[in-house]
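Visitor: I would like to go through this structure with you, one question at a time.
Guide: Please have the sequence and the model open in front of you.

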Protein chains: 2
Amino acid sequence: MIYNWFYLNPRSGVPLYLQLKEQLKMAVAGGVLKPGDRLPPVRELAAALSVNPNTVARAYSELEREGLLSSEQGRGTFVRAAEPLLGREERKIQVQGLIDRVLVEAFNLRFTPVELQELWGERLKAWETRLQRGKGEKGNE
Amino acid sequence: MIYNWFYLNPRSGVPLYLQLKEQLKMAVAGGVLKPGDRLPPVRELAAALSVNPNTVARAYSELEREGLLSSEQGRGTFVRAAEPLLGREERKIQVQGLIDRVLVEAFNLRFTPVELQELWGERLKAWETRLQRGKGEKGNE
DNA sequence: TAAAGTGTATTAATGTATTAATACAATAAT
DNA sequence: ATTATTGTATTAATACATTAATACACTTTA
């Protein structure tokens with residue numbers, strides 16, 4: 001069951017819809033949800049997570065705006081198979097911005113470029129193997 | 001003048017104190033502000049930026065809590081010279097978390113590990129040279 | 001010691017975000 | 001066609017964040 005991949009904590013301080021968005025992104029990035037997969041209906045997932053359907057709807061719709069999902073009224077919500085909405089150059093700029101912010105933070109935490117390079121390598125490899133693992137499988141178990 | 005390194009936009013949607021925090025971090029990470037340097041008094045910087053002194057005070061105090069600055073009542077606020085407050089392991093975990101978030105975002109934007117590796121290398125090098133440049137200089141011009 | 005310069009704390013005004021309740025609209029199934 | 005299923009839009013209640021006004025406390029300097 002795909003539900004088991006999600007867990008919301010109302011007392012964490014992090015908004016429910018943001019927690020869900022984050023976990024949905026993880027599920028897609030990690031291969032648990034694959035392009036074309038259908039997500040649970042808003043009411044169903046909302047019931048399973050004990051939140052208002054609007055909360056799930058907001059997570060879905062924001063992820064649609066960000067190009068990760070695709071919602072069709074009356075049909076359902078799906079993981080987008082095609083390229084995201086943004087163009088190649090725009091996406092690159094966005095990722096660059098993210099990387100720059102990490103670098104600034106890390107330098108302020110007194111990390112050296114060499115240490116950072118090592119840490120980055122570690123994490124990238126970890127995600128690569130995770131993506132590899134989730135390659136052959138199908139469906140939402 | 002150090003003031004020239006800061007610019008706040010009240011209509012950007014981003015809170016003023018966050019804009020200032022970000023720019024202060026950049027100034028330190030990039031070597032414009034060096035350990036031991038004194039920052040402008042809250043009232044003075046506030047006047048220069050046309051905001052309430054509390055806004056500057058908040059930026060300063062949060063950066064103090066984060067270990068980047070050090071404020072002393074009656075004396076002023078300075079760039080912290082010593083190691084940050086967090087321990088080595090804690091800092092590593094924090095940076096790892098930041099990196100992971102970038103990776104998730106990037107994968108969802110359909111970047112491949114190879115592309116990411118390249119982009120990361122570019123940005124890291126860019127910051128390295130920037131840090132190098134700001135090494136010999138002294139004071140706030 | 002008085003005055004000026006500095007960061008800090010308290011309170012209030014205002015805007016924004018979050019969540020829920022409810023009704024609407026489009027599609028699919030019968 | 002009718003009903004069930006699905007996403008969407010509107011509104012309201014509530015809490016939180018942001019900024020400003022103002023007074024306070026500590027340090028330096030004359």
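Guide: Before the copies are compared, note that they are superposed by least squares on the C-alpha atoms of residues with pLDDT of at least 70 in both, and that this is a predicted model.

Visitor: By what turn can chain B be laid on chain A?
Guide: Chain B is laid on chain A with an RMSD of 0.2 Å, and the shift along the axis is 0.1 Å. The relation is therefore that of a two-fold axis, and the same surface serves both copies, since 100% of the contact residues of chain B recur in chain A. The turn is 179 degrees.

Visitor: Which residues are the closest to DNA strand D, and how many surround the strand?
Guide: Both chains contribute to the closest residues, which are Val42(A), Arg43(A), Tyr17(B), Asn52(B) and Asn54(B). Of the atoms of DNA strand D that come within 4 Å of the protein, sugar and phosphate account for 62%. By class, the surface near this strand has 5 nonpolar, 11 polar and 6 charged residues. The number of residues surrounding DNA strand D is 22.

Visitor: Which residue has a side-chain N or O atom 2.9 Å from a phosphate oxygen of DNA strand D?
Guide: Gln73(A) places an N or O atom of its side chain 3.2 Å from a sugar or linking oxygen of DNA strand D, whereas Gly74(A) has a backbone N or O atom that lies 3.4 Å from a base oxygen of DNA strand D. The phosphate oxygen in question is 2.9 Å from the side chain of Arg75(B).

Visitor: Which element gives the most residues to the surface near DNA strand D?
Guide: The elements that give two or more residues to this surface include helix H2 (42-49) and helix H3 (53-65) of chain A, together with helix H1 (16-29) and helix H3 (53-65) of chain B. The most, with 3 residues, comes from H3(B).

Visitor: What is the distance between the end C-alpha atoms of H1(B), and why does it agree with the expected span?
Guide: At 1.5 Å a residue, the 14 residues of H1(B) should span 20 Å, so the end C-alpha atoms are where that rise would put them. Among the buried residues of this helix are Tyr17(B), Leu20(B), Leu24(B) and Val28(B), and just after H1(B), Gly31(B) takes a positive phi of about 90 degrees. The distance between the end C-alpha atoms of H1(B) is 20 Å.

Visitor: Which side chain has an N or O atom 2.5 Å from a phosphate oxygen of DNA strand C?
Guide: DNA strand C is surrounded by 22 residues, and the closest are Leu16(A), Tyr17(A), Asn52(A), Asn54(A) and Arg43(B). A polar side-chain atom of Gln73(B) lies 3.3 Å from a sugar or linking oxygen of DNA strand C, and an N or O atom in the side chain of Thr77(B) is 3.3 Å from a phosphate oxygen of that strand. The side chain at 2.5 Å is that of Tyr17(A).

Visitor: Is Gly121(B) buried, partly exposed or exposed?
Guide: Gly121(B) lies in helix H5 (residues 113-133) of chain B, and its C-alpha atom is separated by 36 Å from that of Thr55(B), 66 residues apart along the chain. Buried means under 20% relative accessible area and exposed means over 50%. The relative accessible area of Gly121(B) is 29%, so this glycine is partly exposed.

Notes. Residues numbered from 1 in each chain as written. Chains lettered and ligands numbered in written order. Predicted model: local features only at pLDDT ≥ 70, side-chain atom pairs only at ≥ 80, totals over all residues. Heavy atoms only, no water. Contact = heavy atoms within 4.5 Å. Near = heavy atom within 4 Å. Polar contact = N/O pair within 3.5 Å; in protein donor to acceptor, adjacent residues only side chain to side chain. Helix = DSSP H or I, 4+ residues; strand = E, 2+ residues; numbered from the N terminus. Nonpolar A, V, L, I, M, F, W, Y, C, P; charged D, E, K, R; others polar. Expected span 1.5 Å × (residues − 1). Buried < 20%, exposed > 50% of the residue type's maximum accessible area, 1.4 Å probe, protein only.
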